[in-house]
Structures are given as structure tokens and as C-alpha cells.
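These are my notebook entries on how the chains meet and where charged side chains pair. I set down each point as I looked it up.

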Number of protein chains: 2
Amino acid sequence: MNQDYITPNEWSIIEDGFDKSRVKSSESLFSLGNGAMGQRANFEETYTGETFQGSYIAGVYYPDKTRVGWWKNGYPEYFAKVLNAPNWIGIRVLVNGEEFDLNTCTKVENYQRELNMKEGWHKRTFTAITPNGIELKVVAKRFLSLVQDELGVINFSVTPLNQSAEISFIPYIDAGITNQDSNWDDKFWEITNVQNDGKQAFVESHTNKTLYHVCTFMESIVLLNGKEVDATAEKSSTDKQSSLKYTHIVEKNQTLSIQKYAGYVTSLNHEKNHLIEAAKKVLEKGTQLGYDRLLQLQQEAWANIWSMSDISIEGDVKAQQGIRFNIFQLNQTYLGKDARLNIGPKGFTGEKYGGSTYWDTEAYCIPFYMATKDQEVARNLLTYRYKHLGKAIENAEKLGFTNRAALYPMVTMNGEESHNEWEITFEEIHRNGAIAFAIYNYHRFTGDYTYIPEMGMEVLVGIARFWQQRATFSTHKNKWVILGVTGPNEYENNVNNNWYTNYMAKWCMEYMLENLQILQHDYPSDYQRILSKTKLRDEELKQMHLVASNMYFPYSEEHDVYLQQDGFLDKEMIRVKDLEPKQRPINQHWSWDRILRSPYIKQADTLQGFYFFEDHFSETELEKHFDFYEPFTVHESSLSPCVHSIQAAKLNRMEQAYDFYLRTSRLDLDDYNKEVEEGCHITSMAGTWMSIVEGFGGMRVKDNQLHFAPKIPTQWNSYSFKVNFRNQILTIQVSKSGVDFKLEGADQFEVFVDGKARTVKAEAVSV
Amino acid sequence: MNQDYITPNEWSIIEDGFDKSRVKSSESLFSLGNGAMGQRANFEETYTGETFQGSYIAGVYYPDKTRVGWWKNGYPEYFAKVLNAPNWIGIRVLVNGEEFDLNTCTKVENYQRELNMKEGWHKRTFTAITPNGIELKVVAKRFLSLVQDELGVINFSVTPLNQSAEISFIPYIDAGITNQDSNWDDKFWEITNVQNDGKQAFVESHTNKTLYHVCTFMESIVLLNGKEVDATAEKSSTDKQSSLKYTHIVEKNQTLSIQKYAGYVTSLNHEKNHLIEAAKKVLEKGTQLGYDRLLQLQQEAWANIWSMSDISIEGDVKAQQGIRFNIFQLNQTYLGKDARLNIGPKGFTGEKYGGSTYWDTEAYCIPFYMATKDQEVARNLLTYRYKHLGKAIENAEKLGFTNRAALYPMVTMNGEESHNEWEITFEEIHRNGAIAFAIYNYHRFTGDYTYIPEMGMEVLVGIARFWQQRATFSTHKNKWVILGVTGPNEYENNVNNNWYTNYMAKWCMEYMLENLQILQHDYPSDYQRILSKTKLRDEELKQMHLVASNMYFPYSEEHDVYLQQDGFLDKEMIRVKDLEPKQRPINQHWSWDRILRSPYIKQADTLQGFYFFEDHFSETELEKHFDFYEPFTVHESSLSPCVHSIQAAKLNRMEQAYDFYLRTSRLDLDDYNKEVEEGCHITSMAGTWMSIVEGFGGMRVKDNQLHFAPKIPTQWNSYSFKVNFRNQILTIQVSKSGVDFKLEGADQFEVFVDGKARTVKAEAVSV
């Protein structure tokens with residue numbers, strides 16, 4: 001099923017051999033990012049084969065007019081879309097005047113790509129014979145600088161192996177790019193200035209409508225056998241791009257290299273009328289440091305990231321490669337420096353899914369960032385939603401809610417809804433619960449309560465109001481019900497009383513009420529400010545309490561489980577294992593109505609509730625629900641296996657837990673869904689991390705203390721991970737024989753292992 | 001709410017006074033059609049104000065590539081779309097060289113439009129002052145010939161009232177037209193030949209993809225004061241259009257007229273390589289007959305139609321105008337001559353809804369055509385579906401059904417599905433029942449059983465197979481259930497066990513099984529042929545019987561009514577009358593999720609079942625269900641009021657029945673929904689007819705005999721209608737004092753009035 005062309009390696013993603021049919025997949029897998037910008041692993045030189053060009057700038061988007069077959073009231077007018085940004089990586093190579101192009105070479109040998117995750121760079125090496133018979137060795141290495149996050153650096157070198165040749169390097173920047181995924185073929189970019197002084201070149205452009213101004217820039221140095229040559233460049237510009245041309249005669253076995261410094265400065269971080277000056281500063285600093293020093297700084301910066309976020313696994317190279325790939329991509333996508341940014345489901349690896357933020361951030365990503373970064377990073381992710389509260393209120397108003405009820409969007413860039421399927425946009429409202437849960441989770445993990453009086457409470461009030469209004473009273477059931485929703489399992493649409501949604505709604509209202517009381521006693525001035533700002537009235541609070549206390553939950557006496565939704569048992573309850581294999585994945589083989597009337601579950605739904613609210617249920621209840629639902633779960637969402645892996649581990653079903661883990665950790669590397677060419681599944685990568693830390697490691701936070709219940713898959717010798725718990729850095733190493741802890745930053749620290757307290761001192765302790 | 005600009009008149013639709021804001025609405029209301037072609041009431045002369053050009057040829061469509069926001073498996077690739085056809089009505093008028101255009105005239109007086117329904121023509125008269133001060137009287141009359149249905153005729157005359165003027169008439173034909181409603185701006189038409197000999201002109205074009213070849217043609221005669229003048233025409237052609245130009249000096253109070261003969265011949269009815277010859281024959285015949293004779297023939301043809309289909313109402317001009325408008329439009333749209341055609345929801349009055357055939361035809365239109373035309377017409381409508389059986393089987397296969405199960409499309413031109421909302425396309429499957437019901441209804445009304453062995457049985461088998469496979473067994477309920485459907489009430493989507501759908505499914509299977517037995521005994525050779533063609537096996541028949549006998553129907557003990565669907569009672573049961581008026585229509589004010597979780601019913605759903613299967617339920621049951629559901633019904637479908645009117649009349653609630661009747665009969669004339677500019681609601685017009693005949697007249701067919709239960713609204717003095725019952729023409733006249741029958745075509749005939757038998761002899765009989 002999977003492609004299996006990535007060479008196993010502990011620290012690198014490696015592709016050996018040139019296969020044109022894999023180019024687009026590799027462009028995704030070998031993508032680079034530094035949190036501020038990202039780049040698919042497109043070739044620097046011209047490539048006329050199949051390719052999917054993608055350069056992305058964090059936070060730069062376009063509101064593409066919504067396209068639907070049949071309009072429904074409430075649909076958003078626009079869909080905020082990740083934009084393909086101007087190309088800064090391009091370096092055309094002419095060999096004796098002929099365009100060098102891997103698609104037309106008569107032979108390509110010793111082709112290897114490496115994505116070095118430890119040091120944060122991408123390299124291609126190969127030898128190729130051009131149509132006119134010149135054999136060339138090429139080494140092209142590049143990275144997106146972490147220390148200077150507006151800068152990318154490329155070192156591209158060519159060595160003629162069988163004869164001398166005239167080599168021209170034509171580095172260029174090109175703003176004449178398009179999005180593959182556009183609704184109406186709108187023109188996304190307007191180019192305003194193309195400038196080239198023979199050494200540096202700049203293209204200024206801005207997005208239409210959103211008016212993000214971007215200056216794409218470059219400067220290059222040419223070296224012969226490692227020695228800078230006094231290159232005279234021919235400059236050339238069109239209305240969309242600008243290039244420089246460096247031509248040298250290169251003797252057989254001599255190496256001509258070009259070091260290209262390029263990237264973007266944008267109006268997000270600079271005055272829009274002074275972008276060229278800003279670009280010049282970046283170039284000045286970059287070229288002064290030089291390629292080698294920048295590369296060294298890159299290695300140090302990544303070493304720093306890894307020192308906190310690495311998970312090492314002994315005895316299973318593929319598992320090791322998988323988890324590091326996940327951690328690497330998460331860090332490439334989001335570093336938490338900028339509260340305006342968030343984690344897109346494809347990161348910087350593709351355009352699909354358009355908008356940047358889903359409930360994935362709150363449900364899956366925050367735990368990873370909380371445990372591996374300073375708490376400020378998670379707080380930034382929460383603040384992002386706080387800043388969008390006004391838009392969430394507008395969104396709820398559009399759907400008929402009143403009194404400043406807030407419904408956070410399903411997909412967004414700027415707080416506005418960017419999705420347009422009624423069953424999702426209007427009905428997959430459980431997302432609102434994840435926003436509230438993240439606040440609870442942040443407080444639980446960091447112990448930082450201040451976020452709640454400062455910002456979180458207003459968000460909680462808006463969300464609780466939404467649920468109170470959204471629940472309706474059923475005279476028939478004498479309970480409050482929530483009708484017409486889509487749960488996390490998107491293979492059910494417009495159902496009544498989705499257990500997860502109802503449970504979330506009840507919890508959100510109760511959590512808000514509980515915190516309101518805390519504020520009243522402990523933060524009286526914040527309490528007064530919030531009361532006056534939100535105009536919360538006693539009557540409303542009573543009503544919320546009433547609704548929360550009398551929420552209906554579908555339940556089966558026969559099976560002694562909560563039902564995913566009303567009527568779930570009316571389905572033909574055939575287990576997944578009894579389906580013909582050729583029917584799967586069902587989302588590729590069945591029409592939508594057939595999927596909907598089937599019992600099959602795309603991703604954890606009732607079990608997602610058991611994951612979030614584990615403490616509310618006994619292990620027997622968890623087991624019963626796991627055994628009831630998992631057999632109907634097809635795991636056709638990338639977000640599914642991790643939750644099941646964690647629960648299987650908790651239930652001591654380590655074989656199953658390991659299977660789920662493998663499925664999630666190498667989803668993209670092995671391209672299970674045959675779609676990696678569209679980009680990687682970034683947000684689910686955080687789920688992989690959770691599978692190890694919360695699943696195998698059994699890490700939980702209870703009453704301000706860390707608990708572990710370490711288990712180890714039989715396939716592994718040992719594994720270890722680090723956690724930043726309230727500024728105490730704890731390393732957990734699990735082997736077949738037991739668990740070791742190491743502590744940095746404090747004298748001693750109490751943890752619980754399988755429920756028993758252990759004191760960890762600032763040195764290795766064996767338990 | 002309504003526009004109320006149509007002057008009440010028994011036989012004509014009249015607009016007095018020129019109002020630019022009404023032009024598009026009037027273009028719909030004053031549309032002409034002759035079953036083979038149709039024409040919105042666009043002006044002949046140039047009009048630079050807001051207009052919506054529309055010329056249509058029955059059966060000529062284009063498969064427009066589907067446009068959706070998010071693709072679902074099973075969606076059709078293409079959407080068959082009614083096409084705007086080349087313009088044949090155009091006559092530019094130059095006055096002293098200046099373009100005559102009502103949008104630029106300095107004054108327009110005595111403007112009147114008339115759509116004469118009795119005689120089948122459209123006329124505009126007005127006086128206007130041109131920008132250069134010439135006062136003109138204009139009379140423009142036109143019709144689409146019923147006797148020569150490829151021909152339209154226009155008589156356009158101009159009289160200068162204040163001075164002499166040089167008048168040029170420039171009749172033209174133009175194939176350079178576009179569809180307003182296009183998904184991807186495809187080019188729908190290819191023009192292949194433009195020809196003009198100075199007397200006649202032809203433009204040949206064909207549709208892309210479907211390759212319908214069309215020749216648009218014209219020839220004109222010019223008259224001065226009614227006397228043909230030896231006009232020398234200047235000819236002129238572009239690559240898209242062709243024109244002739246006739247210029248004369250016209251003295252004050254003299255009248256210059258042009259008679260334009262024009263229209264289409266198509267490859268649907270002629271050899272595509274000989275279209276010009278065919279067009280010349282049409283022109284030859286038309287011009288030989290001449291304008292006056294053609295108009296006379298038109299009057300006779302319409303008199304013939306009216307003699308059978310008219311409903312006259314005494315004492316209520318607006319009601320009279322309303323019902324005649326409905327009957328007129330139905331006859332303009334479909335005359336039943338061609339089994340390839342069907343009844344589009346907008347007829348020839350607009351492009352909206354694209355495809356031509358909905359379940360409206362079977363559920364609403366067939367009764368009208370059965371009672372007012374020869375039975376061949378209804379049989380043609382059934383045959384249309386028989387011919388699409390193969391496509392219906394393909395459609396079901398696409399959704400995963402096997403064994404030649406058939407699912408008829410929601411919307412179609414050629415048998416293929418043309419709709420793309422999953423909740424409709426895949427789930428509004430009750431439509432399949434209407435196809436079967438029409439077969440039953442046809443046999444019940446006409447007594448012609450032969451259709452069933454010849455064609456109907458195969459359709460019934462395919463439909464029954466679909467239902468058997470679509471129902472699934474609920475272990476929980478120990479019954480067969482139908483999950484994930486949309487009933488006739490489209491304000492509920494993806495519900496379980498829609499009572500109407502389940503009832504239809506059961507009935508379809510039982511009706512098929514019942515008729516199979518009849519065939520086995522009475523039509524053994526047809527029986528054998530069908531068995532061998534469909535490969536029906538005993539096992540399958542047993543299964544169908546099992547499913548039909550054990551179908552689940554949601555029911556409320558508390559209310560003693562069948563429930564529209566599972567969970568209906570969980571809604572907030574606020575009656576429509578208790579909604580704020582400003583919230584209505586809810587489809588314009590509420591987001592889709594709010595509509596879905598509300599109890600509001602768009603059109604008869606459970607009650608639609610009670611309408612179709614009235615005999616299966618007692619009047620007490622009907623009353624209970626009517627009283628339960630109607631208060632939640634918002635009647636936001638044009639198909640809603642008629643069923644309720646019929647049932648209200650049956651329940652002796654004449655005030656309510658009359659209100660529903662008015663709402664349906666003048667829906668377009670008074671433009672209740674402010675959308676008539678997009679076209680008229682043709683299919684619901686048959687419901688208006690049913691409201692009188694089945695509602696007030698109480699007509700039913702039981703055991704091969706006609707039953708009546710005549711009632712009369714207090715607002716009326718009397719009303720009468722005719723019914724062709726098995727070639728016996730019966731006129732029913734209902735007055736406040738009683739009911740009269742007249743019989744043509746047989747000596748005597750037994751009818752039932754309020755359950756009592758009466759013999760009607762071939763002369764007036766008072767009962």
C-alpha cells in the first residue's frame with residue numbers, strides 16, 4: 001500500500017535514485033520551513049517534468065471568493081487561502097548555452113536527496129549527462145535560516161566530469177506565480193516594482209484585497225573551486241522577474257558554485273514603503289556572516305530545538321525516523337514566536353485545505369508545544385483565539401445567535417470562517433469545545449491561571465453562551481438536546497445528540513461557571529471588568545446551569561455504552577474487519593450517502609471525549625467504549641490513530657497501540673493515502689508525539705503533578721523524551737527494564753510512576 | 001408583499017404603463033411557448049435597459065461541468081442545462097438613422113402589454129418620443145405558431161405621429177448569445193454558417209458536446225399602410241449574426257410594418273446536413289399562409305386547447321385570471337407530442353434549475369395532462385422514464401447498488417443525474433417512488449393496463465430492487481429501516497426513517513409484486529420476457545416481500561400520528577403562527593442549520609403520502625395528521641399549497657382551502673417570492689389545477705369510476721372544468737346551488753357525487 005522509497009535513517013530523510021514519478025511526493029516530504037516561511041523541495045534549476053511549485057510566507061493569505069454549487073444562507077463570502085508566494089530559489093543553469101534540466105538529461109546517476117533533520121538542511125547530489133553529452137556532478141544544498149528567518153541560502157555547485165564546459169548560473173526571483181488551488185482564477189498578486197543593480201535584485205509585489213506587501217530579494221556569490229571569482233553579472237528583468245547571469249568556463253573536474261542569499265521581507269514586519277531597505281539589511285547581514293557561518297548557526301539552532309523536543313527510540317530505525325520527521329515538521333511549521341500565526345494542516349508543504357487553523361491546533365498540537373517549548377508558545381496559541389473572539393461572535397450572529405455568543409470557525413486565517421459545506425461550517429460545532437478545552441489544558445499543564453482572568457474568561461463566556469443557545473429543550477425527552485450536528489466523526493452529518501458534542505457543551509458551560517466563581521473570589525477586579533464587558537446576567541447563568549445539568553446523552557442499556565448519536569444502533573453493525581478489503585478506504589470507494597448510513601467512524605468521536613475527559617470515566621468504562629467503537633472505526637483521518645494508540649496503551653494492549661503508532665508516525669513518509677504530493681499532514685504529527693508521551697509514556701498531569709505509566713513496545717529496546725513541566729526539564733527514559741528520569745533546572749521534583757510518588761533529583765535516578 | 005401590477009382580466013395578462021424596473025419580471029410573465037420552442041417576452045427592438053434574454057428550444061441542452069466547493073464520491077460530472085438559443089426575434093429600428101430604444105426615449109405613453117391567453121399571442125402598444133423628438137406609435141404583436149411549431153411570427157408596426165421620418169427596420173438573427181447561468185463560462189454554441197441572400201437569412205450553429213445542430217432562420221415582408229412595399233434590403237452578416245435592412249420614408253400618420261417569419265429547425269427533427277432546406281420549407285409554408293391566416297390558425301389551435309382544458313370561474317376575476325394563466329403556461333410548455341420532451345420547472349420562461357425533469361412531472365403534472373389531453377400524452381410522459389431506465393440503473397450503480405436496481409435522477413435532461421448536493425442527489429430518493437406512483441395513477445385514470453407489461457413493469461422492477469437494497473435491517477428495532485434520506489420536505493436532510501419515503505418504498509415493492517402476479521396470469525409472454533430480461537429470482541421476490549412487510553414507520557403514541565422521521569418530536573415545537581413575521585420566509589432569513597433543526601416543513605411530506613394514498617387512511621387519520629403537520633408548514637415550496645388545499649377541501653375547511661388555492665394560482669402573477677424575473681414556476685401550476693379539480697371538485701377515480709365531492713368557495717358564484725375520462729368528455733359545473741354535468745362522446749356515463757351514483761346522459765343533467 002505504501003510507497004516505501006524513503007531510506008531508513010535515524011536523523012535524515014533520504015531518497016536514493018531519480019524517479020520522475022516521485023518528484024512531487026518528494027517535494028512535499030523534503031520541504032523546508034523556519035516558522036516564518038516555507039518551501040517545497042522544488043529544484044533550483046529548471047525542471048520541465050511534473051512538479052508542484054510552492055513557496056509560502058506565514059500569515060500571507062488571500063480571501064478567495066467562495067465557490068459552491070448551491071448557496072446556503074450563512075456561507076462565508078470568502079475562503080482565506082494559503083498563497084503560493086514569489087519564487088526565490090530559482091537558479092537556471094546553462095551548460096554550453098543549453099538549459100540544464102533533469103527531465104531532459106540522458107542519464108541521471110547516484111541521485112540522492114537528503115533532508116537532514118538534525119541540522120535543518122536539504123541537499124541533492126547527482127551526476128547527469130546532458131543532451132549534448134556533458135557529464136556533470138551537481139551538489140545543491142539549501143536551508144531556511146532559523147536565526148535570520150527572512151533568509152534562505154542555497155549552495156549550488158556544478159562539476160563537469162568528462163570535458164570542460166561553459167557554465168552559466170542564472171539566479172532569479174519570480175513573482176509571476178499562481179496557486180494551483182484557486183476558485184475563480186483571481187489574480188492573487190500585483191507586482192509593483194522590479195529592480196536589479198547587477199548584484200542584488202528585488203521584486204516588490206502585494207496581494208490583492210489583503211494588501212500584504214512583499215519584497216522578494218536575492219544576491220549571489222560565485223566561486224570556482226571554492227574561491228570567490230570576480231563575476232560580472234548580466235542583469236535582466238521582465239515585469240515579473242529579475243535575474244542575474246554569471247558565466248564561466250569550467251575545466252574538467254573543476255567546480256563552479258553559486259551561493260544564493262534570498263528570501264522575503266513583508267509588511268507584516270516592516271513598513272511597506274521601506275521593504276527594499278529592509279531586504280538590503282537582511283542581505284547585508286547574511287552575506288557578512290557568509291554561507292558557512294549561517295550553516296553553522298543553523299545547526300546550532302536545530303540542536304537547540306532538538307535538545308528539548310527530541311524523542312529517541314532504540315532498536316527501531318523506522319519508528320525513530322518517523323517520530324523525528326514529525327517533530328521536525330512541527331518545528332518547521334510553527335515556532336511560537338508570533339501570536340498572529342498558527343499551525344496549518346499542511347504547514348508549508350502544500351496549498352490544500354486553504355486556511356491555516358483548524359481545531360487540530362487545540363485538540364492535538366498544543367500539548368506538544370506546551371511540553372517542548374516555553375509556556376509562552378502555548379499561550380500565544382491561546383491568544384490567537386482570544387484575538388479572534390470578535391470574529392467568532394460575528395460568525396455566531398451570522399447563524400442567528402445573539403447576545404455575543406461565539407462560534408469559532410472551522411477553518412480560518414483571520415478569525416473569519418473559511419469553510420463552506422453546511423454540514424461542517426454550520427454543524428461541526430464541537431470545535432468550539434476544543435477552544436475551551438485548550439484553556440483548561442493550558443492551565444492544567446502550566447499552572448498559569450493568569451490567562452483566564454486576562455483573556456480566557458471572555459472566550460469561555462462567548463462559547464458557553466453559544467452552547468446555551470444552541471441546545472434546545474425537548475418536551476418529549478424532558479431534557480436539553482443538541483440537534484443537527486456533525487461530530488468529530490465526519491462520516492455522520494446532521495445527527496441529533498452527538499454524545500461528544502453534548503458532553504463538550506455541558507462541560508464548557510460548567511467550566512465557565514466554575515471559573516467565574518474563582519474570578520469572583522480571587523480576581524474581583526477582573527471579574528467586574530468581564531461582567532461589565534460581557535453583560536453576563538444572573539438569569540443567564542442560571543439558564544446555563546439548567547441546560548448543563550439537564551443535558552441529554554444517548555445511551556444504550558443493552559451495550560452499556562453512550563451512543564455516538566441518536567439512532568446509532570439502527571445501522572447495519574458490520575465490523576470493519578468483516579468488510580471486503582477492496583472496499584477500503586471507504587471514502588475512496590463509497591458514495592457519500594452510503595458512508596453516512598454505515599456505522600463506520602472516520603476518527604475518534606465518543607472516544608475523543610473519553611480522551612479529553614479521561615478522569616470522568618473509569619477504566620472499565622473506557623474499555624467498554626473502546627471495544628464498542630474501535631471495531632467500527634476506519635481511521636481514515638490522520639487524526640484518528642493517535643487517540644486510539646493512547647487509549648490502547650492505557651488498556652495495556654501494547655500490540656494494538658504500537659500498530660496505531662506506526663500508522664500515524666509514518667503516514668506521510670510511507671504515503672499511506674497516496675496523496676503526499678499535495679503536502680504533509682502537519683497537525684496530526686503532534687498526535688504522533690502524544691502517542692509516545694501520553695500513550696507509551698502514560699504521561700498525565702493531575703493536581704499539578706506529573707504522572708507516568710511507562711510501557712514499551714516489544715519491538716523497541718528503549719525510548720526517551722523530554723518534558724518542560726513548569727520550567728523544570730525532565731527527561732524520561734523508558735527501557736524494557738524500567739524507567740529513568742533526569743532533571744534539569746531544579747533541585748528535585750516529585751513525579752508519580754504508576755500511581756506511586758518518586759522524587760527525582762537533579763541527577764539520574766533509576767526507579 | 002406581492003407586486004400587484006398585472007391588471008385583472010379574465011382572458012389576458014395585462015400590464016399598463018412602462019416601468020423599467022418591471023421589464024425582467026414581465027419578460028417572464030409574458031413568455032410565449034408552443035411546446036417545441038419558447039421565448040421570454042424580450043423586446044424585438046434594441047433595449048439597453050436591464051433585460052434577461054431568453055430563447056429556448058425544447059430538448060436542446062448542454063452538459064455543463066459540475067461546480068461544487070467540495071467534491072463527494074458519486075457526484076455527476078455534468079449538469080445538463082437548458083440552453084439559451086440563438087435570438088430570432090430581433091428587429092432593430094432606426095428613426096432618422098437613430099437607434100430606437102425604450103431606455104433612451106424621452107417619453108413613453110399609453111404603454112400596454114397584453115398576453116392574450118385565449119388566442120396565444122403577445123402584444124405591446126405604446127407611443128414614445130425619441131431623443132431627436134419624433135413621436136412614434138408602436139404596435140408589436142407576436143406568437144409562436146402551434147400549427148407550425150418551428151415558426152414564430154412578428155408583426156411590428158411604427159407610425160410617426162408628429163412628423164415624417166425615415167424608418168429602417170433591421171430584422172436579424174443572432175447566434176452570439178450566452179447563458180446567464182454557466183458554471184465555467186464554457187462556450188456552449190459553435191457557429192458554422194451564416195448565410196443571407198437579401199431576402200432570407202440563416203445561421204447554422206451547433207451545441208458543443210451534445211452536438212445539437214440548429215438552423216435559425218428568418219424572412220420578412222414590409223408594408224406601408226398595410227400594403228406590401230417592394231422593399232430592397234441591404235444585407236449584412238458578421239460571424240455570428242445576419243441582418244437585412246429595409247428603409248422607407250414614412251409620412252406623418254402613415255404606418256410602416258414589418259412581418260418577420262423566423263424560428264428554428266434542428267437536428268432533433270431533421271437531417272443535420274439539410275437544415276437550411278428544412279428552414280426554407282418552413283418559411284415557404286409560413287409566408288404562403290401569411291400573417292393573418294397564421295394568426296387565425298393560432299386562435300383556432302388555442303380554442304381547441306381551451307375547449308378541453310379551461311376552468312372557468314364566475315365572480316372572481318383574479319382567481320379566473322390565475323387559473324387560466326396556469327393552464328396557459330402548462331400548455332405552452334408541454335403539449336405531449338414528443339416523448340423525448342418533458343416539463344421543466346421554469347418551462348420556457350428562464351434558465352434556472354437547469355435540467356428539465358424533476359419528480360414534479362410525476363407527482364403534479366401527470367394528473368393535469370391525463371385529464372385534459374388524450375391518454376397518449378400521459379403515456380409519453382411515462383415512456384420518457386422508461387427510456388431513461390438504463391441511465392437510472394447506471395445512476396444506482398454509481399451509488400453502490402447492484403443487480404440492475406434503478407434510481408431515477410433528481411433532475412435530468414437525458415436520464416443522467418444533473419444535481420449535485422449530496423443531501424438531494426444521493427438522499428432525496430423518494431423521487432423514485434413518484435415514478436412508480438405515476439404508473440399506478442396512469443392505469444387508475446386511463447384504465448390502460450398495456451403500459452405495464454409493455455414498459456412499466458421493467459421500471460417497477462428496477463425501482464423495487466432499489467428499495468429492497470436501500471432498506472437495511474435494524475437488529476435494534478427488529479424492522480427494516482431506511483437511513484439517511486431527505487424527504488419531500490427539503491428542510492430536513494439526512495434523516496432516518498422518513499415516513500413518506502418508507503411508505504413509498506414499501507408500496508413500490510408491493511405494487512411491483514402485485515403486478516408481477518397479474519402479468520404471470522394475464523400476460524404470460526410478457527411475464528417470461530421480463531423475467532428473462534431482469535433476471536428476477538424467487539429469492540429476490542421473497543426478500544422484497546419480507547422487507548415490505550416488515551418496514552418500520554415512526555409513530556407517536558402521544559399524538560397518535562406517524563412521525564415525519566425519527567426524532568421529529570425532539571424539536572422545539574413552536575407553530576408557524578407563533579414565529580415573528582419578520583423571520584419569514586425562513587429560507588431567506590435563517591442559516592441552513594437553523595432551518596434543519598427547526599420543525600418547519602417546506603412542503604407536504606407526511607401529508608404528501610396521505611395525498612397519494614388517501615384510500616389507505618380514514619378521514620379521521622387525515623384530519624389528525626393535517627392538524628399535526630400543517631401548523632408547522634411554511635409552504636416555502638411552490639408545490640406545497642396545492643396538496644394542502646386539496647386536503648383542506650376534503651376536510652371541509654373551505655376558507656383554508658381557498659387561501660391555499662389563491663396562494664398557488666397567483667404565485668407568479670403577483671410574484672409572492674420576488675423572483676419571477678428568473679422565470680415562472682411551471683410545474684407547480686399543475687398543482688393549481690389539482691386544487692380546483694381534486695380539491696373543490698373532489699374528483700377521484702375509484703374502481704374505474706369517477707367520483708366527485710363538489711364544494712365551492714364562498715367568494716365564487718360558480719366554476720366549471722372538463723375532464724377527459726377514458727375518451728368521454730365530461731364537463732362539471734359547480735354553483736352554489738349544486739352541480740351540473742355535461743357529457744360528450746358517449747350516450748351515458750355513471751359518476752358518483754358525494755358517494756351516490758348518478759347517470760349522466762349526453763345532454764345537460766341537473767343533479
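Entry 1, a term fixed first. I call a residue buried under 20% relative accessible area, exposed over 50%, and partly exposed in between. By that rule I class Glu623(B) as partly exposed, because its relative accessible area is 33%. I note that the model is predicted.

Entry 2, a salt bridge in chain B. I looked up the partner of Glu623(B) and found Arg653(B), the two side chains meeting in a salt bridge at 3.0 Å, N to O. The pair links distant parts of the chain, 30 residues apart: Glu623(B) sits in helix α16 (residues 619-629) of chain B, and Arg653(B) in the loop between α17 (640-650) and α18 (654-665). I record Arg653(B) as partly exposed too, with a relative accessible area of 21%.

Entry 3, a pair within one helix. I then turned to Lys506(B), which forms a salt bridge with Glu510(B), the closest N and O atoms lying 3.3 Å apart. Both belong to helix α10 (residues 499-522) of chain B, and because they are four residues apart there, about one helical turn separates them. Glu510(B) is partly exposed, at a relative accessible area of 31%.

Entry 4, a buried pair in chain A. I searched the whole structure for salt bridges and obtained 82 over all chains. One of them joins Arg142(A) to Glu44(A), with the closest N and O atoms 2.8 Å apart. Arg142(A) lies in strand β12 (residues 135-144) of chain A and Glu44(A) in the loop between β4 (37-39) and β5 (55-57), so the pair ties together parts that are 98 residues apart in sequence. Are these two residues buried or exposed? I count Arg142(A) as buried, at 2% relative accessibility, and Glu44(A) as buried, at 1%. I also found both in a network of salt bridges with Glu45(A) and Arg124(A).

Entry 5, the symmetry. I superposed the two copies: chain A can be laid on chain B with an RMSD of 0.1 Å by a turn of 180° and a shift of 0.1 Å along the axis. That is the relation of a two-fold axis. Which residue of chain A comes closest to the rotation axis? I find Val68(A), its C-alpha at 2.4 Å.

Entry 6, the interface. I count 47 residues from chain A and 48 residues from chain B in the contact. Of the interface residues of chain A, 100% are also interface residues in chain B, so the copies meet through the same surface. Chain A and chain B bury about 4,100 Å² between them, with 51% of it on carbon and sulfur atoms. In chain A, Trp70(A), Asp570(A) and Arg597(A) lose the most area to chain B, together 19% of what that side buries.

Entry 7, polar and charged links across the interface. I find six salt bridges between chain A and chain B. Glu421(B) and Lys72(A) meet in a salt bridge at 2.8 Å, N to O. Polar contact joins 16 residue pairs across the interface, both residues at pLDDT 80 or more. On the side of chain A that touches chain B, α7 (422-425), β23 (472-474), α13 (586-589) and α14 (592-597) each supply at least two residues. There α14(A) gives the most, with five residues. I divide the residues of that side into 16 nonpolar, 15 polar and 16 charged.

Conventions:
Residues are numbered from 1 along each chain as its sequence is written. Chains are lettered from A and ligands numbered from 1 in the order in which they are written. This is a predicted model: local features need pLDDT of at least 70, side-chain atom pairs count only at pLDDT 80 or more; totals for chains, interfaces and linings use all residues. Side-chain values use heavy atoms; hydrogens and water are left out. Copies are superposed by least squares on the C-alpha atoms of residues with pLDDT of at least 70 in both. Contact means heavy atoms within 4.5 Å. Buried area is the accessible area (1.4 Å probe) that two parts lose on being put together, summed over both. A polar contact is a pair of N or O atoms within 3.5 Å; within protein, one must be able to donate a hydrogen and the other to accept it, and residues adjacent in sequence count only if both atoms are side-chain atoms. Ala, Val, Leu, Ile, Met, Phe, Trp, Tyr, Cys and Pro count as nonpolar, Asp, Glu, Lys and Arg as charged, and the others, Gly among them, as polar. Buried means under 20% relative accessible area, exposed over 50%, partly exposed in between (1.4 Å probe, protein chains only).
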